[in-house]
Structure formats: structure tokens, C-alpha cells
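Q: I have a structure to read. Where do we start?
A: Let us take the features one at a time.

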Amino acid sequence: MKRRFATVDVFTDRAFGGNPLAIVLDAEGLDTATMQAIAAEFNYSETTFVLPPANPAHTASVRIFTPKSELPFAGHPNVGTGFWLAREGSVFGTSVGDRLLFEEAAGLVVITPIHDDGALTGADITAPQTLSLTGTIAPDVIAACLGLEPADIATVAHHPCIASVGTPFTIAAVRDSTVLDRIITDPAQFTRLPATAHDLLVYAWDDDPSARGIDLHCRMFAPLDGIAEDPATGSANAALAALIASLRPPADLTLRIAQGDAMGRPSRLRATVDSSGRTTIGGSCVAIAEGHLTID
């Protein structure tokens with residue numbers, strides 16, 4: 001049995017940057033255990049599986065797996081899958097236009113392809129949910145996960161907390177970007193985080209955003225999901241943008257986010273939150289490979 005696949009580098013405009021994604025393009029008939037095994041075989045932070053939609057008015061049903069588990073929603077898998085399907089121009093015999101709709105466990109995800117001078121360069125996605133906050137975490141727990149001191153964790157704007165726009169993450173700020181460089185994770189300490197949000201996004205504000213064109217620097221760690229560090233995490237940064245927007249007067253917010261630099265896979269994400277709290281995140285993509293999986 002042969003299944004077509006593609007790989008895409010997401011949130012980058014050059015090959016071998018950003019976050020790599022594997023896409024299984026004709027996943028109909030694969031059971032959950034086989035999808036999980038394929039995701040473990042690719043061993044990327046996520047692999048997507050494209051299935052016919054339940055509602056023919058939608059583009060596709062998309063399932064997302066890390067090497068160890070299935071996710072209800074994730075950012076870079078949707079950006080990369082939307083980019084590839086827009087690149088192909090059709091899916092399941094239906095033409096792809098300027099708006100794709102993916103059915104996912106967290107809800108309906110809207111994908112908007114990005115064009116530059118007529119060329120397809122990436123995609124934006126709209127998160128399926130508005131911000132939900134479900135608790136705070138003690139700074140000393142965050143510090144222990146990251147090999148830092150509790151004083152390195154910033155709590156002026158908000159305490160470390162669990163935030164979600166479709167998938168929950170623990171989110172914490174640190175004093176400045178130099179703290180991000182000192183992180184040495186202790187995977188055993190991640191068991192102290194809530195089981196529903198043991199993936200940890202840490203961020204710092206850039207000290208000169210006008211010069212560098214970057215507002216925030218982030219790192220994301222998910223060792224309990226088999227991801228020591230993620231080069232670019234759209235769903236976590238969408239939740240972060242929504243969190244920051246919630247701390248300000250209602251108005252449109254745009255953030256330019258850098259992630260992955262510490263891994264040698266620089267990623268650049270753009271997040272916007274409108275005054276109603278709806279979050280969009282996106283960026284550029286680069287097609288890398290396509291081929292077939294052979295599965296008995």
C-alpha cells in the first residue's frame with residue numbers, strides 16, 4: 001500500500017530553516033495506530049494526515065500527531081498543510097481557492113494562502129477558539145523545568161499560566177532574552193506541570209524591535225511529548241498573542257515572533273489578534289520533498 005507524502009519547512013523563507021512538517025496526503029483508511037506509527041517514523045514535531053471532510057463544503061479533515069500523541073489543533077501543521085494543498089491546487093478532486101477550511105478535533109480551522117507578487121509563499125491560519133485561561137503555575141516550578149532561578153521568571157504582566165486557543169500550553173515570561181540563552185531543561189521537572197499543559201512556551205520581549213523587526217523571542221519545550229525543543233510553535237504563539245492582547249485595551253494587535261534560533265533553525269512567525277479576540281498566525285513556507293510511503 002503506497003501513501004503519498006510531502007515535507008515542508010514552515011515559518012521560513014529558506015530551506016532547512018523553520019519547523020519541518022510531514023504531510024500524508026491520502027490518509028483515508030489509515031487507523032489511528034498506523035497514523036501514530038507513521039508520525040513516530042518521521043519523528044518531526046508533528047505530522048498531518050489529510051482525509052476527506054465530513055462536510056463537503058469544507059476542504060479536508062486533518063489529524064495531527066506528534067511522535068507520541070495526537071493533538072486537537074496545532075499551528076505549523078496547519079500552515080504547512082494549507083500551503084501544500086494550495087500549491088497543488090486541488091484536494092479530493094475539488095479545486096482549492098483562496099480560503100481552505102480544515103475540520104479538526106478543536107474545531108474548524110480557516111487557512112488563507114499568502115501570495116507575494118502572484119507567487120504562493122505561505123499561509124495564515126485562524127485559531128479555532130478564542131483565548132481560555134485555566135490556571136497559574138508557580139514561578140519556581142517553571143524555573144526548575146528550565147534550569148533557571150525563580151527570579152529569572154517575570155511576573156509583572158502575568159504569572160506563568162495555562163493558555164489555549166485550541167491546544168493548551170503553559171506560558172511563562174522571562175526577564176530578558178539573555179535568560180532564554182541560559183536555559184538547560186530538566187525533563188523530569190516537566191512532570192510537575194499540569195498533565196493537560198506540560199508543553200512549555202517561554203518568551204522575552206526584544207529590547208529594540210524597531211531595529212530588528214522582532215517583538216518577541218520564544219523557545220518551546222515538550223520533552224514529555226518526545227520533543228526536546230520545537231523550532232516554531234504556531235498554536236503556542238497564537239495562545240501567547242491572545243494572552244498579551246487580553247492584558248491590553250481591546251484593539252488589533254500584531255506581533256513579530258522569533259523562535260528556533262537556538263536550534264539553528266530560525267523561524268519567523270506573525271500573529272495578529274483582532275478586537276474580538278480572534279487570533280491569526282502565519283508565515284512563509286518552503287517545499288522540501290515529496291514521495292510515497294510503502295505500508296504493508
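A: Begin with how elements are counted. Helices are DSSP runs of H or I with at least four residues, and strands are E runs of at least two, numbered from the N terminus. Keep in mind that this is a predicted model.

Q: How many helices and strands does the protein have?
A: There are 6 helices and 20 strands.

Q: How do I judge whether the fold is compact?
A: Set the radius of gyration against the globule rule, which is 2.2 Å times the number of residues to the power 0.38. Here the radius is 18 Å, close to the 19 Å that the rule gives for 296 residues, so the protein is as compact as a globular protein of that length. Along the principal axes, its C-alpha atoms fill a box of roughly 55 × 40 × 35 Å.

Q: What share of the residues is buried?
A: Buried means under 20% relative accessible area. Of the 296 residues, 55% count as buried. The protein exposes about 12,300 Å², and carbon and sulfur atoms supply 51% of that area.

Q: What do the contacts say about sequence separation?
A: Take contacts between residues at least 6 apart in sequence. Of these, 63% join residues at least 24 apart.

Q: How far apart are the mean positions of the positive and negative charges?
A: The protein has 19 positive and 34 negative charges. Their mean positions are 1 Å apart.

Q: How do I check the length of a helix?
A: Compare its expected span with the distance between its end C-alpha atoms. Helix α6 covers residues 234-246. At 1.5 Å a residue, its 13 residues should span 18 Å, and the end C-alpha atoms are 18 Å apart, which agrees.

Q: Is α6 mostly covered or mostly open?
A: Mostly covered: 12 of its 13 residues are buried. Among them are Gly-234, Asn-237, Leu-240, Leu-243 and Ile-244.

Q: Which backbone angles deserve a look?
A: Look for positive phi outside glycine. Phe-92 has a phi near 50°. Asp-117 has a positive phi too, of about 55°, and is not a glycine.

Q: Where do Phe-92 and Asp-117 sit?
A: In loops. Phe-92 is found between β6 (90-91) and β7 (94-95). Asp-117 lies between β9 (107-116) and β10 (119-126).

Q: How do I class their exposure?
A: Exposed means over 50% relative accessible area, and partly exposed runs from 20% up to that. Phe-92 is at 39%, so it is partly exposed. Asp-117 is at 79%, so it is exposed.

How values were computed: Residues are numbered from 1 along each chain as its sequence is written. This is a predicted model: local features need pLDDT of at least 70, side-chain atom pairs count only at pLDDT 80 or more; totals for chains, interfaces and linings use all residues. Side-chain values use heavy atoms; hydrogens and water are left out. Buried means under 20% relative accessible area, exposed over 50%, partly exposed in between (1.4 Å probe, protein chains only). Contact means heavy atoms within 4.5 Å. Accessible areas come from the Shrake-Rupley method with a 1.4 Å probe; for residues, only the protein chains shown count as cover. Lys and Arg count as positive and Asp and Glu as negative; His and the chain ends are not counted. The place of a charge is taken as NZ of Lys, CZ of Arg, CG of Asp or CD of Glu. The expected span of a helix is 1.5 Å times one less than its number of residues.
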